[in-house]
Amino acid sequence: MNEALDLSQFYGTQSYHRFNPILRQWLCTDGALYVAQQCQAFWLLDHIAIHHSNDLKEDGDMIVAKLQVLDRGAKIIVEGAGNDKIIKSHNIDFTDFPKQGVVLWGMKTYHAEGSINILMLPSEY
């Protein structure tokens, strides 16, 4: 992959998407789905959902997940929204994700299906 992503087209979202049938309490926006499809990175959405469901406890809670691509592998850094406090950091041994990396926000909210978590690009908030 390693081509730069053009994420400037994403402001808000048209719809929400279930990206993993097992992780039913998680949805993603058009922009997060685009990142996963273009970079073959559904693993990234799954990783955030599996490791950070407990960090989103109440309506309006948010996390900021940053994928930083390194010379060898990558690092996922997850912070509490607005306080830059690192909740967890995960090393990834190998990735062909574009060098620019990506930032995704996770947010607990209410939806027709009940309380859910949504992964989105910051520009889609």
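# A walk through the fold

Let's start with how the chain talks to itself: among contacts in the protein chain between residues at least 6 apart in sequence, 55% join residues at least 24 apart. Keep in mind as you look around that this is a predicted model.

Now for the parts list. The protein chain has six strands and two helices. Read from the N terminus, the elements go β-α-α-β-β-β-β-β. The radius of gyration is 14 Å, close to the 14 Å that the globule rule gives for 125 residues, so the protein chain is as compact as a globular protein of that length. If you boxed up the C-alpha atoms along the principal axes, you'd need a box of roughly 40 × 30 × 25 Å.

What about inside and outside? Of the 125 residues in the protein chain, 46% are buried. The accessible surface adds up to about 7000 Å², and carbon and sulfur atoms account for 47% of that. As for charge, there are 15 negative side chains and 10 positive ones, with the centres of the two sets 7 Å apart.

Next, find helix α1, which covers residues 30–38. Which residues of α1 are buried? They are Asp-30, Gly-31, Ala-32, Leu-33, Val-35 and Ala-36. And what covers them? The cover for the buried residues of α1 includes β1, α2, β5 and β6. There's a handy bit of background for looking at any helix: an α-helix has 3.6 residues a turn, so residues three or four places apart point the same way.

Step past α1 and you meet Gln-40, with a positive phi near 50 degrees. That's worth a second look, because most residues other than glycine have a negative phi. Gln-40 sits in the loop between α1 and α2. Is this residue, Gln-40, buried or exposed? With a relative accessible area of 67%, Gln-40 is exposed.

Carry on into helix α2, residues 42–52, and you'll come to Leu-45. Here the picture flips: Leu-45 has a relative accessibility of 2%, so this residue counts as buried, the cut-off being under 20%. Which residues does Leu-45 touch, leaving aside those up to four places away in sequence? The list is Phe-19, Cys-28, Ala-32, Ala-36, Leu-104 and Leu-119. Two of those names, Ala-32 and Ala-36, should ring a bell from the buried residues of α1. Another stretch of chain runs from Leu-45 to Gly-60: these residues are 15 apart along the chain, and their C-alpha atoms are separated by 19 Å.

Time to look for aromatic rings that pair up. A search of the whole structure turns up two aromatic pairs. One of them joins Phe-10 and Tyr-34 in a tilted arrangement, 5.1 Å centre to centre with 45 degrees between the planes. This pair links distant parts of the chain, with Phe-10 in the segment before β1 and Tyr-34 in helix α1, 24 residues apart. Phe-10 counts as buried at 11% relative accessibility, while Tyr-34 is partly exposed with a relative accessible area of 21%.

The other pair is Trp-105 with Tyr-125, and this one is edge-to-face: 5.7 Å centre to centre, 65 degrees between the planes. Trp-105 lies in strand β5 and Tyr-125 in the segment after β6, so the pair ties together parts that are 20 residues apart in sequence. Trp-105 is partly exposed at 22% relative accessibility, whereas Tyr-125 is exposed, with a relative accessible area of 60%.

Finally, head back to the segment before β1, where you'll find Asn-20 and Arg-24. How do they sit with respect to the surface? Asn-20 counts as buried at 13% relative accessibility, and Arg-24 is partly exposed at 48%. Each can be set against a residue far along the chain. Arg-24 and Ala-112 are 88 residues apart in sequence, yet their C-alpha atoms lie 13 Å apart in space. For Asn-20 and Glu-113, the separation is 93 residues in sequence and 16 Å in space, C-alpha to C-alpha. That brings us back to where we began, with 55% of the contacts between residues at least 6 apart in sequence joining residues at least 24 apart.

Notes
Residues are numbered from 1 along each chain as its sequence is written. This is a predicted model: local features need pLDDT of at least 70, side-chain atom pairs count only at pLDDT 80 or more; totals for chains, interfaces and linings use all residues. Side-chain values use heavy atoms; hydrogens and water are left out. Helices (H or I, at least four residues) and strands (E, at least two) are DSSP runs, numbered from the N terminus. The radius of gyration is taken over C-alpha atoms; the globule rule is 2.2 Å times the number of residues to the power 0.38. Buried means under 20% relative accessible area, exposed over 50%, partly exposed in between (1.4 Å probe, protein chains only). Contact means heavy atoms within 4.5 Å. Accessible areas come from the Shrake-Rupley method with a 1.4 Å probe; for residues, only the protein chains shown count as cover. Lys and Arg count as positive and Asp and Glu as negative; His and the chain ends are not counted. The place of a charge is taken as NZ of Lys, CZ of Arg, CG of Asp or CD of Glu. Rings of Phe, Tyr and Trp (its six-membered ring) pair if their centres lie within 6.5 Å; planes under 30 degrees apart count as stacked, over 60 as edge-to-face and the rest as tilted.
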